[in-house]
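Student: I have a model open and would like to go through its strand pairing and its charged contacts with you. Could you take me through it step by step?

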Amino acid sequence: GGMSRHVRAVDRVDCTEKDYIGDGVYVAFDGYGYWLTAEDGSRATDAIYLEPTVLRALVRFVERVKAC
């Protein structure tokens with residue numbers, strides 16, 4: 001399926017920065033966008049890629065709901 005293709009892609013991404021942010025989630029930067037991956041201890045099981053415009057939209061959302 002589509003998710004398997006994305007998970008395999010994130011396993012191949014060369015990211016110099018990768019941090020654990022909690023709840024089994026890691027974030028990595030590939031020079032353009034950010035990968036969020038859920039990992040089971042040995043490999044990425046799910047992945048989301050955030051391009052700069054999507055990341056800005058997410059930050060706007062967080063700021064908006066934080067104000068509520």
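Tutor: Let us begin with β3 and β4, which pair in the antiparallel sense over 6 bridges. Please keep in mind throughout that this is a predicted model.

Student: OK, which residue stands opposite A44 in β4?

Tutor: That residue is E39. Another pair between these strands joins A38 to its bridge partner in β4, D46.

Student: And in the hairpin of β3 and β4, which residue takes a positive phi?

Tutor: It is G41, with a phi near 105°, in a hairpin that has 4 residues between the strands.

Student: What about β2 and β3, how many bridges there?

Tutor: β2 and strand β3, the latter covering residues 34-39, pair over 5 bridges, in the antiparallel sense. A38 appears here as well, since in β3 it is the bridge partner of V25, while on the β4 side A38 has D46 as its partner. The hairpin of β2 and β3 has 4 residues between the strands, and G31 takes a positive phi near 100° in it.

Student: Then β1 and β2, in which sense do they pair?

Tutor: Strand β1 (residues 17-22) and strand β2 (residues 25-29) pair in the antiparallel sense, and the pairing runs over 5 bridges. Within it, Y20 stands opposite Y26 in β2. The hairpin of β1 and β2 has 2 residues between the strands, and here D23 is the residue with a positive phi, near 55°.

Student: Putting that together, in what order do the strands sit in the sheet?

Tutor: The 4 strands form an open sheet in the order β1-β2-β3-β4, with antiparallel pairing. β1 and β4 (44-50) stand at the edges, and because each has a single partner strand, one side of each is left without a neighbour in the sheet. On average, neighbouring strands of this sheet are turned by 25° against each other, with direction ignored.

Student: Switching to charges: how many salt bridges does the count come to?

Tutor: The count comes to 3 salt bridges. One of them is between the side chains of E39 and K18, at 3.0 Å from N to O. This pair links distant parts of the chain, with E39 in strand β3 and K18 in strand β1, 21 residues apart.

Student: So E39 again, the one opposite A44. Is E39 buried or exposed, going by its relative accessibility?

Tutor: Neither label applies, because E39 has 21% relative accessibility and therefore counts as partly exposed, given that buried means under 20% relative accessible area. Its partner K18 also counts as partly exposed, at 45% relative accessibility.

Student: Which residue does R43 form a salt bridge with?

Tutor: R43 forms a salt bridge with D40, and the closest N and O atoms are 3.9 Å apart, so the pair falls within the 4 Å cut-off. R43 is partly exposed, with a relative accessible area of 47%, and D40 is partly exposed as well, at 45%.

Student: And where do E63 and K66 lie?

Tutor: Both lie in helix α2 (residues 52-66), 3 residues apart, which is about one turn of the helix. The side chains of E63 and K66 meet in a salt bridge at 3.4 Å, N to O. E63 is partly exposed, with a relative accessible area of 43%, whereas K66 is exposed at 58%, because exposed means over 50%.

How values were computed. Residues are numbered from 1 along each chain as its sequence is written. This is a predicted model: local features need pLDDT of at least 70, side-chain atom pairs count only at pLDDT 80 or more; totals for chains, interfaces and linings use all residues. Side-chain values use heavy atoms; hydrogens and water are left out. Two strands pair if DSSP finds at least two bridges between them. Buried means under 20% relative accessible area, exposed over 50%, partly exposed in between (1.4 Å probe, protein chains only). Axes are lines fitted to C-alpha atoms, for helices over the stretch in contact, and angles run from 0 to 180 degrees between N-to-C directions.
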